[in-house]
Amino acid sequence: MGMGERDRAAEESGEGGERMSDIVGGCLCGSVRYESEAEPILTAVCHCRHCQKQTSSAFSIFVVLPKGSLRIEGEALAAFEDVGESGLPVFRKFCPKCGSAIVSEVVATPDVEWLNAGTLDDPSWFRPQMHMWCGSSQPWVSIDEDIPAYAGNPPQGD
Ligand SMILES: [Zn+2]
Ligand SMILES: [Zn+2]
């Protein structure tokens, strides 16, 4: 019925083609695996001291996803109940076997989940759209001037 031709045309024009992001990943030891079909709401780098401590690095990289869009399989995540600037809890979830940070639930942002993007199987597509907590960024880290950068949390849009 001509469907083959139509599919080919769609392929060539890029319609219905490859997604910008591929959200499939897991922890270092492989006990935790996850995937999501959702389009990211935001990608961000966080330079806060809590992220520096948790990652033992200079910053966290996050893919922000709609709440509930992440399917997690395997080992049940452990959680550390941190406190955000809002005074509300931040549940930093990690693999109980290898300690990889997987996702944070921030009570102050109840509609989203903050996926630790270094755990993606292929994190190479990640490009930050925002830097936050630049007030505590490490002195050797250069912050991209082409995207928004905030000293602390970004201003609330509403
Ligand atoms: Zn693990
Ligand atoms: Zn942070």
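How many helices and how many strands are there in the protein chain?

**View 1. The protein chain as a whole, shown as a predicted model.** The protein chain holds two helices and 10 strands, and, when it is read along the sequence, these elements follow the pattern α-β-β-β-α-β-β-β-β-β-β-β. The chain has 158 residues, of which 28% are buried. Among the contacts in the protein chain with a separation of 6 or more, 53% join residues that are 24 or more positions apart.

**View 2. Strands β7 and β8, paired in the antiparallel sense.** Strand β7 covers residues 89–94 and strand β8 covers residues 101–106, and five bridges link the two in this predicted model. To follow one of these pairings by eye, the reader may start at F91, whose bridge partner in β8 is E105.

**View 3. The hairpin of β7 and β8, with six residues between the strands.** Which residue in this hairpin takes a positive phi? That residue is G99, where the phi angle is near 85°.

**View 4. Strands β8 and β9, also paired in the antiparallel sense.** Strand β9, made up of residues 112–116, pairs with β8 over two bridges, and the two strands form a hairpin with five residues between them. Within this pairing, S104 stands opposite W114, a residue of β9.

**View 5. Strand β8 with its partners on display.** Strand β8 pairs with β7 over five bridges and with β9 over two bridges, so that the reader can trace both antiparallel pairings from a single strand.

Terms used: Residues numbered from 1 in each chain as written. Chains lettered and ligands numbered in written order. Predicted model: local features only at pLDDT ≥ 70, side-chain atom pairs only at ≥ 80, totals over all residues. Helix = DSSP H or I, 4+ residues; strand = E, 2+ residues; numbered from the N terminus. Buried ≥ 20, exposed ≤ 12 C-beta atoms within 10 Å, placed from the backbone. Contact = placed C-beta atoms within 7 Å.
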